[in-house]
Amino acid sequence: MLFDVWAPTARTVTLHLPPAPGIPMTHSPTHRGWWQAEAPAAAGTRYGFALDGGPVLPDPRSRRQPDGPEGLSAVVDHDAYTWRHPWRGLPLPGAVLYELHIGTFTPEGTFAAAAERLGHLARLGVSHIELMPVCPFPGTHGWGYDGVAPWAVHEPYGGPDGLKAFVDAAHGHGIGVVLDVVHNHLGPSGNQLPAFGPYFTDRHQTPWGSAVNLDAPGSDEVRAHLIGSALAFLRDYHLDGLRLDAVHALADTRAEHFLAQLSEAVDTLAAHTGRPLFLIAESDLNDPRTIAPRTVNGHGMHAQWNDDFHHALHTALTGEAHGYYADFARDPLAALAKTLTGAFFHDGTYSSFRGRGHGLPVRRPGGAETPAHRFLAYAQTHDQIGNRALGDRLSASLAPGLLACAAALVLLAPGTPMLFMGEEWGARTPWQFFTDHQDAALAEAVRQGRRREFARHGWDAEEIPDPQDPATRGRSCLDWSEPLREPHARLLEWHRTLSGIRRAHPVLAQLPLGEADVRWADGDDGRWLLLRNGPLYVAVNLAEDRTATVRVPSGHAVSLLAAWEPETREVDGTVRLPPQSAAVLR
């Protein structure tokens, strides 16, 4: 078997396959900076590399870390897995996404345990699961965003074969799988990449320190390393797409942006495999170039998260007005209407949170239409829950009727809807920030840093959950007895109804951004909003104690498809909505 590694500044590199003696590696005759050696090995063989006589380190392109991020790597034979379910893939248009964290979706926190719950997601109407990161990180439980081996799979979850079996099982239920990958930084513990080469650069600084090297000397190989890992997950694990974490933190001044290079590589792989593959970016730049085609010098992302929609919906539901919610909270229903029709609220407007103008409009005069499905719509995500002091969900403070309103606006809005696990039944379990750092000093630094962060917002240190306490992760696990009792069962059935309506109207996946129409009242005439999206009308009454009378525009004969409250009535295009309720009409 050929072993190779990029170590451009090393004088010597030795391959170690314990307990055998080390094998000196030689320079590759064709690839500058690469070293190679032949050695007998099979699936499961442990190995590592020593640079200039130093300690044995894991392979930067390790496919498996059976003993954790700092242990030896292990050989993986991807051809050994027998796939049970032929799969042609599922495109993004028409999708209903479901963000899922393997470690807390079930108490067991494994791929195998999560696979046992796939029937629930199929009945819910989910088309794609969006897995939070699964690359190896310190300890057993964590969010996954401090991974250090971007080609491998976290062993406590089930390792490479566990991920394959999960994806295979999901495909058997007709569900695609998208993986959240982190290219903007690596975790603080177990990151050995700097020993091998210029994977990071001081030219740019990020919230995590020196930036991943995308534009300095040596960046050709670093870009190839990240793109190679992305393609490997799509190819070897039969994934349907990738979610790219915080692409605004990718510092890249080269003529071809890293995202465009990655997008081209993924499109090429899709053409080769015959499966639709897609990339979803997380970006807070409100920059239309993120999803613009490469042919017009865009980055070629197939979709992006739209936090502006979340912020507008959140302020409309909760009344919160602190931090980045402030601008949205001044007129939340107007903000929500703007995001439903134009995606970005901040499209060049002044952002008080940033102290400057922010964003650009998606649609410009004379420009090509942008499909609405390129923007994800959601009421809750891991970030928006977990980055709160107590990790409290909307269900901790909102009545079921308001949760029903949120569900209707998300699942039938322009854009691609996404739910966060447990949202479909109004889960009362929090989703808190938790870690399992094995380095005591790092663990204490994370604990104190979390407390200092929220102390600035008026929280007492003792109120903030300890990220290192196993009970913090335990509290964050879903309680699967909840959907069997009220009001959770009713909310679950409501979500199923809404996803069924969306599925019955495939035209929603093809509509351009700006096609929708929104009317609302927020004052003496009540507090309601009416969204027209294609052939559907979604009416929500957010008032706590006042029935809303909502008139569908004249000339449109409508029929009531679904209503949260049975007392809802529609007569000659006028809908009477009880307080805190929603209805869907065609």
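Which residues does Gly241 touch, not counting residues up to four places away in sequence? I took this as my opening entry, keeping in mind that I am working from a predicted model.

**Entry on Gly241.** I looked up the contacts and found that Gly241 touches Val177, Val178, Leu179, Leu234 and Phe278, once residues up to four places away in sequence are set aside. I then placed Gly241 in the chain, and it is found in strand β14, which runs over residues 241–244. For one of these contacts, Val177, I also noted the separation: Gly241 and Val177 are 64 residues apart in sequence, yet their C-alpha atoms are 6.9 Å apart in space. I asked next whether Gly241 is buried or exposed. Gly241 has a relative accessibility of 0%, and because buried means under 20%, I recorded Gly241 as buried.

**Entry on the cavities.** I searched the whole structure and noted 8 cavities of 30 Å³ or more. The largest cavity holds about 160 Å³ of space, and 18 residues line it, with Cys135, Gly147, Pro150, Val181 and Val182 lying nearest its centre. I wanted to know which elements supply the lining of this largest cavity, and I found that β11 (176–181) and α6 (219–236) each give at least two residues. The largest share, 3 residues, comes from α6. By residue class, I wrote down 11 nonpolar, 5 polar and 2 charged residues for the lining of the largest cavity.

I turned afterwards to the second largest cavity, for which I noted a volume of about 100 Å³. Its lining is made up of 13 residues, and those closest to its centre are Pro58, Asp59, Pro60, Val148 and Leu193. The lining of the second largest cavity divides into 8 nonpolar, 4 polar and 1 charged.

**Entry on a sheet.** I also traced an open sheet of 3 strands, which follow the order β1-β5-β4 with antiparallel pairing. Why is one side of β1 and of β4 left without a neighbour in the sheet? I noted that β1 (2–6) and β4 (26–27) stand at the edges and have a single partner strand each, so one side of each strand has no neighbour there. As a reminder to myself, strands of a sheet pair through backbone hydrogen bonds, in either a parallel or an antiparallel way. Looking at one pairing in detail, I found that β1 and β5 (residues 34–38) are joined in the antiparallel sense over 5 bridges. I closed this entry with a pair of tryptophans, since I had noted that Trp6 stands opposite Trp34 in β5.

Conventions. Residues numbered from 1 in each chain as written. Predicted model: local features only at pLDDT ≥ 70, side-chain atom pairs only at ≥ 80, totals over all residues. Heavy atoms only, no water. Helix = DSSP H or I, 4+ residues; strand = E, 2+ residues; numbered from the N terminus. Buried < 20%, exposed > 50% of the residue type's maximum accessible area, 1.4 Å probe, protein only. Contact = heavy atoms within 4.5 Å. 1 Å grid on protein atoms, 1.4 Å probe; cavity = no way out; pocket = protein on both sides within 12 Å on 5 of 7 lines; lining within 4 Å. Points joined across faces, edges and corners; volume = space filled by probe spheres on them. Nonpolar A, V, L, I, M, F, W, Y, C, P; charged D, E, K, R; others polar. Pairing = 2+ DSSP bridges.
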